[in-house]
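Biologist: I've got a new model open and I'm not sure how to read it. Could you walk me through it, one feature at a time?

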Amino acid sequence: TARSVDFDGSGDYLSLANDSDLQPGSGDFTFEAWIYPDSWDSVNYNGIYVTGATDGIWLGNLGGNWVVRAYGVTNYISVPNIPTGQWSHVAVTRSGSTLRLFFNGTLKSSVSNTKDFSASATQTIGSDGAGADFNGKISNLRFVKGTAVYTSSFKPPTEPLTNITNTKILCCNNSSTTGSTVTPGTITANGDPTASTD
């Protein structure tokens, strides 16, 4: 079964205490997950993976577009959002000075980026922890620090993701909302997210 965490878009999110392992910093990294949006807010933010304030990386929806940005800073990438009501694979990688966004393995956008995504704040999944909440499911969320796993279009994985070299978190893949394969600290469930299988 494909395990995931279901967020209802109203106060549900997962959080971890600040940890440098979850911050991309200025080096290579990979973020990826399978997501199933029930709906996207056409005006406000819906956070998927947020690593803090000001200098943290912010991944998710803004006004119907998928954006990659530093928290509180102009978007680095903004492309039309993935559809609702179905599973899609999303990945964001940086290799050297190139930041890339992939939907279902297809390279959608690449830009030059050397931003130091470091921040001292709570790390959140499914929200920014301040009301920018995601409505839908997240499965097999993985963050790899120090490696750009994908640098060109690829075939998305159809099996559960694994603990590859430099994996810092691999979660939303368990029968519990706070379960994980890899984590640098305790995952806390906020609101009432539920674990689900499909």
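Biologist: Let's start with a single residue. Which residues is Val-92 in contact with, leaving aside its neighbours within four places in sequence?

Modeller: Keep in mind that this is a predicted model. A contact here means heavy atoms within 4.5 Å. For Val-92, the partners are Phe-29, Thr-30, Phe-31, Leu-59, Trp-66, Val-68, Leu-99, Arg-100 and Leu-101. Val-92 itself sits in strand E8, which runs over residues 88-95.

Biologist: Is Val-92 buried or exposed?

Modeller: The label depends on relative accessible area, and buried means under 20%. Val-92 has 0%, so it counts as buried.

Biologist: What about separation: how far is Val-92 from Thr-197 in sequence and in space?

Modeller: Those are two separate readings. Along the sequence, Val-92 and Thr-197 are 105 residues apart, and from C-alpha to C-alpha they are 25 Å apart.

Biologist: Let's zoom out. How many helices and strands does the protein have?

Modeller: The count is zero helices and 16 strands. Its radius of gyration is 15 Å, close to the 16 Å that the globule rule gives for 198 residues, so the protein is as compact as a globular protein of that length. Along the principal axes, the C-alpha trace spans about 40 × 35 × 35 Å.

Biologist: How much of the protein is buried?

Modeller: Buried residues account for 49% of the 198. As for the outside, the protein exposes about 7,800 Å², with carbon and sulfur atoms supplying 43% of that area.

Biologist: And what share of the contacts join residues at least 24 apart?

Modeller: Here you take contacts between residues at least 6 apart in sequence, and 65% of those join residues at least 24 apart.

Biologist: Which residues have the most contacts inside the largest nonpolar core?

Modeller: Think of a core as buried nonpolar residues joined through their side chains. The largest one has 35 residues, and Trp-66, Ile-125 and Ile-138 have the most contacts inside it. Strand E3, residues 29-39, gives the most to this core, with four residues. You've met Trp-66 already, as a contact of Val-92.

Biologist: What does Ile-125 touch?

Modeller: Not counting residues up to four places away in sequence, the list for Ile-125 includes Phe-7, Tyr-13, Leu-14, Leu-16, Ile-48 and Tyr-49. Further along the chain, Ile-125 also touches Ile-138, Leu-141, Ile-169, Cys-171 and Cys-172.

Biologist: Now backbone angles. What is the phi of Cys-172?

Modeller: With phi, look at the sign and at the residue type. Cys-172 has a positive phi of about 55 degrees, although it is not a glycine. It's found in the loop between strand E13 (167-171) and strand E14 (180-182). Cys-172 is buried too, with a relative accessible area of 1%.

Biologist: And where does Asn-140 lie?

Modeller: Asn-140 lies in strand E12, residues 135-145. Its phi is near 50 degrees, again a positive value in a residue other than glycine. At 8% relative accessible area, Asn-140 is buried.

Biologist: One last residue: is Ser-39 buried, exposed or partly exposed?

Modeller: Partly exposed is the class between under 20% and over 50%. Ser-39 has 33% relative accessibility, so it counts as partly exposed. Its place is in strand E3, and leaving aside neighbours within four places in sequence, Ser-39 is in contact with Thr-84 and Asn-135. Measuring tools aside, here's a pair to find on screen: Ser-39 and Thr-147 are 108 residues apart in sequence and 32 Å apart in space, C-alpha to C-alpha.

How values were computed. Residues numbered from 1 in each chain as written. Predicted model: local features only at pLDDT ≥ 70, side-chain atom pairs only at ≥ 80, totals over all residues. Heavy atoms only, no water. Helix = DSSP H or I, 4+ residues; strand = E, 2+ residues; numbered from the N terminus. Buried < 20%, exposed > 50% of the residue type's maximum accessible area, 1.4 Å probe, protein only. Rg over C-alpha atoms; globule rule 2.2 N^0.38 Å. Areas by Shrake-Rupley, 256 points an atom, 1.4 Å probe, with all protein chains shown as cover. Core = buried A, V, L, I, M, F, W, Y, C linked by side-chain atoms within 4.5 Å.
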